[in-house]
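User: I'm new to this one, so could you take me through a single part up close? I'd like to hear about the disulfides.

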Amino acid sequence: MPHRHLPRRTRSVGAAVAATAALLVAGLSGSASAEAATSAAQALRTDAAPPALLEAMERDLGLDRAQAERRLANEAEAGATAGRLRAALGADFAGAWVHGAESGTLTVATTDARDIPAIEARGAEATVVRHSLTALDAAKSRLDRAAERNDTTDAPVWYVDVRTNTVVVQAVRPSAARALLSAAGVDRSLTRIEKSADRPRALYDLRGGEAYYINNSGRCSIGFPVTRGTQQGYATAGHCGRTGDSTSGHNRVAQGTFQGSVFPGRDMAWVATNSQWTATPYVKGQGGQNVQVTGSTQAPVGASVCRSGSTTGWHCGTVQVLNTSVTYPEGTITGVTQTTVCAEPGDSGGSYISGSQAQGVTSGGSGNCGSGGTTFFQPINPLLQNFGLTLRTTGDDEEPPGEEEPGGTWAAGTVYQPGDTVTYGGATYRCLQGHQAQTGWEPPNVPALWQRA
């Protein structure tokens, strides 16, 4: 709880500030405060909050729609009020915070009890504490500087907590927190140590077409984000790396390890990533925009296809030939698809997509994106099948539809080729197009993929 101790110091400054604050709020009525609230909410357009944001607030904060809307309006007003009081209280100001389901209560902390009337006149609750926000911020800044020359692995988080009027250091080992405080020369009366097992890390997204680096050296491109059970990762070209090779992301942050790689013969591989990286159902498109991936239905000869790569970006062309064999200096590759899409070194492993359907990962080719050329991609479905991977798609988080008669040999996650037969709901179906099955694509639901036999 906040300290109620009043510091022993000269009171003239505090009195002057309090007088100024009193002048600022003199003459404010209840209706004037309401007008200020309306003004703050209008200025920040809380009434224009996106429906998706309100829905997320309802879900995650346990609110109904009206409560979510009121909370946004109250927070807009609280921010404006806290800002005015910070200016009025000056050096006495010790922070502010809201609480309540609708953020209906604003508390403002001060080091001078004579500021209480000014705070309450603004409709806020007042609390008197020992340390000003300026003092706490200065202590936190000293910790920041000390961290530049000291290992903070076991004391990874520190912050100003205005609710408790302290600088908090969270540490796996309290001794590490004490060492940091000592190195920073921070008065221990300003601080509080919290033991925590958390070791925060940066979080990054995996997108098809993004660059990655192999053993901190060569560069390739992500094909498609995938999962294998709970393990996340991505599909890419086999010639990019061998099993056991390490990878770092486009930002040079440690990323993962090649779990399997086939080259020559085929040109397929997959990388399992660490917990900092999250598989997304997207490919990096024109201008960096996300292109969604909804499945892996194989496109026919003549179909349009686009490629994303870390060297040349986003380019499109057409499928020329399926099931091609091509010989590179390293050996012959079979079962690849030939296209008119251009590519250059570094694009290897990147995504080929037709509409929203994943097609494959860049293998090789000839020419370039200046004069044009021919490329070959390793089809995605054989790659998924070979390594037991599941393509990350935009439907992964949706609730599965009801099944009239579940059962049979059909199974989500299985790669099916044209001509394969399955049973489902007591009937037999024949596969029409190669794809990886997913929930929602049960044979009766997708006549484009399955025909009843």
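Analyst: Here is a walk along the disulfides, one pair at a time. Keep in mind that this is a predicted model. The structure holds 3 disulfides, and with bonded cysteines counted along the chain they follow the pattern 1-2, 3-4, 5-6.

Let's start with Cys-220 and Cys-240, whose sulfur atoms sit 2.1 Å apart. The torsion about their S-S bond is about -95°, so this disulfide is left-handed. Cys-220 belongs to strand S9, while Cys-240 is in the loop between strands S11 and S12, so the pair ties together parts that are 20 residues apart in sequence. Cys-220 is buried, at 6% relative accessible area, and Cys-240 counts as buried too, at 10%.

Next come Cys-306 and Cys-316, joined with an S to S distance of 2.0 Å. Their link is right-handed, with 100° about the S-S bond. Cys-306 lies in strand S17 and Cys-316 in strand S18, 10 residues apart. Here Cys-306 is buried, with a relative accessible area of 15%, whereas Cys-316 is partly exposed at 43%.

That leaves Cys-342 and Cys-369, with 2.1 Å from S to S. The torsion is about 95°, so the disulfide is right-handed. Both ends are in loops: Cys-342 between S19 and S20, Cys-369 between S21 and S22, 27 residues apart. Cys-342 counts as buried at 10% relative accessibility, but Cys-369 counts as partly exposed at 22%, because buried means under 20%.

Notes
Residues are numbered from 1 along each chain as its sequence is written. This is a predicted model: local features need pLDDT of at least 70, side-chain atom pairs count only at pLDDT 80 or more; totals for chains, interfaces and linings use all residues. Side-chain values use heavy atoms; hydrogens and water are left out. A disulfide is a pair of cysteine sulfur atoms within 2.5 Å. Helices (H or I, at least four residues) and strands (E, at least two) are DSSP runs, numbered from the N terminus. Buried means under 20% relative accessible area, exposed over 50%, partly exposed in between (1.4 Å probe, protein chains only).
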